Structures are given as structure tokens and as C-alpha cells.
Amino acid sequence: MQKSRTIKTSKIKETPLFKFFLQKIDREFSSKSIVIVWVSGWVDSMVLSFFLYHFFLQKWYPLQNLIFVHLNHNVRKDSFDEAKKIQKWFSSCNLEYFIRENVSKEKENDLRNRRYETFNYLMKKHKAKVIFLWHHFDD
């Protein structure tokens with residue numbers, strides 16, 4: 001059995017990557033900015049979420065203006081287990097969770113269009129000007 005390692009967040013916040021991230025986004029936001037973060041549950045979106053969360057904490061920005069979103073397309077067998085983990089990990093945050101029913105016959109392009117529709121809906125609902133997502137280039 002492999003031992004799990006715990007990384008202290010204070011050490012991550014001291015890394016050059018985190019400092020570079022803070023420096024780049026610092027001039028883009030204010031305490032009134034409403035930011036939506038698309039969370040897939042994969043490592044890339046989790047790192048992005050972590051960075052943005054700690055950026056908000058460090059700047060004393062209201063955490064209710066940082067909105068994490070997960071969309072469960074309900075296509076893969078593991079989708080519900082992943083969604084449960086995301087709900088647990090983000091339980092103390094502002095998380096909106098969407099589940100799509102009856103999508104088993106939809107193609108990748110249909111799912112992509114549903115994501116875009118959800119992006120637009122959320123941007124209007126929250127009057128947000130920024131949405132962060134970390135996905136592959138052709139999506």
C-alpha cells in the first residue's frame with residue numbers, strides 16, 4: 001500500500017509558479033469581480049481552483065464571488081463517484097452542480113455545446129465577466 005503525502009498549502013503558495021500566477025491575475029481582478037471556475041475534477045482544474053481560491057483569500061476578496069461549477073454529463077460509469085468527490089472537496093465553497101440526464105447517445109460536439117450553453121447561462125445569472133476553465137485546446 002502506498003503512503004499518501006500531504007503537501008502544506010503554505011509551501012505551495014511560496015512556489016514560483018503560484019507567485020507568477022498571482023502576479024498575472026492580480027491586475028485583472030478587483031474585490032467586486034465575480035469569477036466562475038469550471039471544475040472537472042482532474043488535476044488541472046483542481047490546481048487552478050486551488051490557486052484562485054488562495055488568490056481570493058490572500059486579497060481578502062469575498063469568497064461568495066468565487067463560484068466553482070461542475071457539470072456531470074452522466075456519460076461515464078465513474079461520473080457520479082467523481083461528482084461526489086468534487087462535492088465533498090468543495091463543500092465549504094460556493095459550488096454549483098449540474099447533472100445532465102439522458103445524454104448517452106450524444107456526441108462529443110453535443111456535449112461541448114451543452115457546456116457552452118451552461119457557461120453562457122452562468123455568466124448571465126451571476127453577472128460574471130470571467131470564467132476560468134482548464135480544458136484541452138480544441139474544446
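This report walks through a predicted model of a protein, from overall layout to a few individual residues.

## Confidence in the model

Let's begin with how far the prediction trusts itself. The mean pLDDT of the protein is 79, and 83% of the residues score at least 70. Which elements sit at the two ends of the confidence range? Strand β1 (residues 35-38) has the highest mean pLDDT, 90, while helix α1 (residues 9-12) has the lowest, 65.

The start of the chain deserves a separate word. Over residues 1-7 the pLDDT stays under 50. For that stretch the model has one contact beyond four places in sequence.

## Overall layout

The protein has five helices and four strands. Reading from the N terminus, they follow the order α-α-β-α-β-α-β-α-β.

Of the 139 residues, 34% count as buried. The accessible surface comes to about 9,900 Å², and carbon and sulfur atoms hold 54% of that area. Now take the contacts in the protein with a separation of 6 or more: 71% of these are made by residues 24 or more positions apart.

## Two helices that pack together

Two packed helices are described by the angle between their axes and the distance between the axes. Here is how that works out for one pair. Helix α2 (residues 16-26) packs against α3 at an angle of about 65°, and the two axes are 11 Å apart. The crossing of α2 and α3 is right-handed.

Which residues meet where these helices come together? On the α2 side they are L17, F18, F21, L22, I25 and D26. On the α3 side they are L48, F51, L52, H54, F55, Q58 and K59.

## Aromatic residues

F55, one of the α3 residues that meet α2, also takes part in an aromatic cluster. The members of this cluster are F29, F55, F56, Y61 and F132.

With ring centres required to lie within 6.5 Å, the count comes to eleven aromatic pairs. F55 and F56 form one such pair, with 6.1 Å from centre to centre and 75° between the planes. Their arrangement is edge-to-face, because planes over 60 degrees apart are classed that way. Are F55 and F56 buried or exposed? Both are buried.

## Two residues with positive phi

Most residues other than glycine have a negative phi, and most peptide bonds are trans. Against that background, two residues are worth a look. W60 has a positive phi of about 60° although it is not a glycine. W60 is found in the loop between α3 (43-59) and β2 (66-72). Its relative accessible area is 78%, so W60 counts as exposed.

K127 is the other case to look at. Its phi is positive too, at about 55°, and K127 is not a glycine. Where does K127 lie? The residue sits in the loop between α5 (108-126) and β4 (130-132). With a relative accessible area of 70%, K127 is exposed.

## Around A83 and N72

A83 belongs to helix α4 (residues 79-89). Why does A83 count as buried? Its relative accessibility is 1%, and buried means under 20%, so A83 falls within that class. Leaving out residues up to four places away in sequence, A83 touches H70, N72 and Y97.

One of those partners, N72, is in strand β2. A83 and N72 are eleven residues apart in sequence, and their C-alpha atoms are 6.7 Å apart in space. N72 counts as buried because its relative accessibility is 2%. N72 can also be set beside S40: the two are 32 residues apart in sequence and 8.6 Å apart in space, C-alpha to C-alpha.

Terms used:
Residues are numbered from 1 along each chain as its sequence is written. This is a predicted model: local features need pLDDT of at least 70, side-chain atom pairs count only at pLDDT 80 or more; totals for chains, interfaces and linings use all residues. Side-chain values use heavy atoms; hydrogens and water are left out. Rings of Phe, Tyr and Trp (its six-membered ring) pair if their centres lie within 6.5 Å; planes under 30 degrees apart count as stacked, over 60 as edge-to-face and the rest as tilted. Buried means under 20% relative accessible area, exposed over 50%, partly exposed in between (1.4 Å probe, protein chains only). pLDDT is the predictor's confidence in each residue, from 0 to 100. Contact means heavy atoms within 4.5 Å. Accessible areas come from the Shrake-Rupley method with a 1.4 Å probe; for residues, only the protein chains shown count as cover. Axes are lines fitted to C-alpha atoms, for helices over the stretch in contact, and angles run from 0 to 180 degrees between N-to-C directions. A crossing is left-handed if the near helix is turned anticlockwise from the far one by less than a right angle, and right-handed if clockwise.
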